[in-house]
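I opened the notebook with a short list of things to look up: cysteines, sheets and a pocket. Here is the model I worked from.

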Amino acid sequence: MDGTLSQNDLSHVVEADKAHVWHHLVQHKTFETTDPRIIVEGKGMRVWDQHGREALDAVSGAVWTVNVGYGRKTIVDAISEQLLKLNYFAGALGSVPGALFAEKLIEKMPGMSRVYYTNSGSEANEKAFKMVRQIAHKRYGGKKHKILYRERDYHGTTIGALSAGGQLERNAQYGPFAPGFVEVPHCLEYRAQWDLTGEAYGQKAADAIEEVILREGPDTVGALCLEPVTAGGGVIVPPPGYWERVQEICRKYDVLLHIDEVVCGVGRTGTWFGYQHYGVEPDFVTMAKGVASGYAAIACCVTSERVFDLFKDDASDPMNYFRDISTFGGCTAGPAAALENMRIIEDEGLLDNTVAMGDYMLDRLSELKDKHAVIGDVRGKGLFLGAELVADRATKEPVSEKEVGAVVAGCNAAGVIIGATNRSVPGLNNTLCFAPALIATKDDIDQIIDAVDQSLTKVFA
């Protein structure tokens with residue numbers, strides 16, 4: 001990992017990429033005159049591209065995934081050993097790593113009991129949606145089928161997941177969507193919808209969910225799907241009092257609570273799962289990215305035994321069980337990698353490190369806010385943080401997307417890769433996003449903050 005690569009070393013790779021790869025979230029017109037960036041190697045929190053340029057990755061693989069950092073040989077060895085024994089068998093039957101990781105995972109999730117393996121976060125959420133719909137038919141004549149989702153939350157890329165997507169720009173041009181999905185208001189106090197603060201605001205934001213349930217009819221609402229901390233919609237930490245009231249509402253109206261931990265799960269916020277900060281008891285928990293830190297594809301839909309029991313209460317009925325399959329949910333590399341990933345987090349004390357370094361980084365971002373008037377708000381939980389940029393603090397008018405892009409580019413030029421909200425909320429794609437690996441040190445965070453400081457100074461001088 002010495003970064004001595006040169007452009008000539010990978011010239012064919014670059015040409016092959018330009019000719020044949022369709023990149024994610026990228027306008028490809030620019031590649032007619034410029035080359036795509038190819039990430040070649042990674043170690044710890046640093047990556048190298050085809051030119052040998054080193055960068056500190058402050059977003060864990062660009063989308064909050066590589067929680068334990070790059071170059072973990074023990075994870076690679078665990079995958080290799082498992083693949084030689086058994087690489088795949090459909091999930092209708094079991095596997096050794098599948099059973100062992102499910103056991104280990106459930107130990108971290110009191111109140112939950114069953115793990116359904118899939119290959120992506122979108123698919124994990126789809127499984128929960130299908131379970132809710134099947135329960136509606138089994139118990140309520142199909143009536144209690146509606147699924148509530150929150151404005152600004154994101155639950156995946158499929159048409160079904162986009163139907164529960166609270167980001168209008170992410171959804172644009174992909175409709176019509178599946179019926180029976182209903183939006184509830186966001187809970188971002190910085191963009192307040194009510195003249196309240198703190199716990200009063202949190203409870204009011206939750207009460208707004210109850211208002212939707214009453215409007216739609218409690219006998220029609222089957223589930224509520226929320227991120228514990230909203231990710232791509234602006235890194236939104238719910239106000240105090242919010243989650244406790246949400247739990248009360250779900251129990252009052254017999255609404256199943258589905259928490260999407262695809263981003264927050266497996267340590268990102270300083271606990272194993274984001275919802276565990278708030279003492280709530282979900283019925284479904286979905287997860288993906290950090291489960292194996294990107295070393296293998298794996299996602300899970302985890303349920304309580306109460307939910308699981310609903311699919312075996314009448315074995316004589318051939319339609320009674322969950323009639324679903326995920327082809328690559330039968331891959332064994334995922335749970336093998338996930339077991340070792342979890343061991344690393346435990347043995348290296350990465351949850352404690354995430355809390356300590358998250359607090360340190362939030363303090364450093366607050367210092368930047370004191371220095372740069374363009375920062376309107378900083379927020380986050382653990383090593384999952386955001387800084388919202390505004391042209392005017394009094395009016396909270398957002399800066400332009402072009403300016404946000406310039407800040408990201410400036411950090412990149414300084415050797416630090418950061419993120420920003422992207423094609424999410426119309427007119428409000430103005431939040432810088434940070435999710436360094438759980439192994440981050442104060443020196444790493446200082447390097448990130450210094451790059452942001454320099455870039456903000458340059459762009460908004």
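**Entry 1: cysteines.** I began with the cut-off, since the rest hangs on it: a disulfide is a pair of cysteine sulfur atoms within 2.5 Å. I kept in mind that this is a predicted model. How many disulfides does the rule give? The count comes to zero.

I then checked two cysteines one by one. For C331, the closest cysteine sulfur is that of C300, and at 13 Å it is too far away for a bond. C433 is in no disulfide either, as its nearest cysteine sulfur, in C264, lies 12 Å away.

Are these two buried or exposed? C331 is partly exposed, with a relative accessible area of 26%. C433 has 3% relative accessibility, so I put it down as buried.

**Entry 2: the sheet of seven strands.** Next I traced an open sheet whose seven strands follow the order β4-β10-β9-β8-β7-β5-β6, and I noted mixed pairing. Which strands stand at the edges? They are β4 and β6 (181-184); each has a single partner strand, so one side of each is left without a neighbour in the sheet. From one strand to the next, the twist averages 20°.

I looked at one pair inside this sheet in detail. Strands β7 (residues 221-226) and β8 (residues 256-260) run parallel and are joined by four bridges. To pin down the register, I noted that L226 has I259 of β8 as its bridge partner.

**Entry 3: the sheet of four strands.** A reminder to myself before going on: strands of a sheet pair through backbone hydrogen bonds, either parallel or antiparallel. The sheet I turned to here is open, has four strands in the order β1-β2-β3-β14, and shows mixed pairing. Its edges are β1 (39-43) and β14, each with a single partner strand, so one side of each is left without a neighbour in the sheet.

I took the antiparallel pair to begin with. Strand β2 (residues 46-49) meets strand β3 (residues 54-57) over three bridges. Two partners fix the register for me: W48 is bridged to E54 of β3, and R46 stands opposite L56 of β3. What do β2 and β3 form? They make a hairpin with four residues between them, and G52 in the turn has a positive phi of about 80°.

On to the parallel pair: β3 and strand β14 (residues 416-417) are joined by two bridges. Here L56 turned up again, standing opposite V416 in β14.

**Entry 4: the second largest pocket.** Last, I looked up the second largest pocket and wrote down a volume of about 830 Å³. Which residues come closest to its centre? Of the 31 lining residues, they are G91, V115, Y116, Y117 and F308. The elements giving two or more residues to the lining are α4 (96-107), β4 (114-118), β10 (299-303) and α10 (305-309). The largest share, four residues, comes from β4. I was pleased to meet β4 again, having noted it as an edge strand of the sheet of seven strands.

I also sorted the lining of this pocket by class: 19 residues are nonpolar, nine are polar and three are charged.

Methods
Residues numbered from 1 in each chain as written. Predicted model: local features only at pLDDT ≥ 70, side-chain atom pairs only at ≥ 80, totals over all residues. Heavy atoms only, no water. 1 Å grid on protein atoms, 1.4 Å probe; cavity = no way out; pocket = protein on both sides within 12 Å on 5 of 7 lines; lining within 4 Å. Points joined across faces, edges and corners; volume = space filled by probe spheres on them. Nonpolar A, V, L, I, M, F, W, Y, C, P; charged D, E, K, R; others polar. Buried < 20%, exposed > 50% of the residue type's maximum accessible area, 1.4 Å probe, protein only. Pairing = 2+ DSSP bridges. Axes fitted to C-alpha atoms, helices over the stretch in contact; angles between N-to-C directions.
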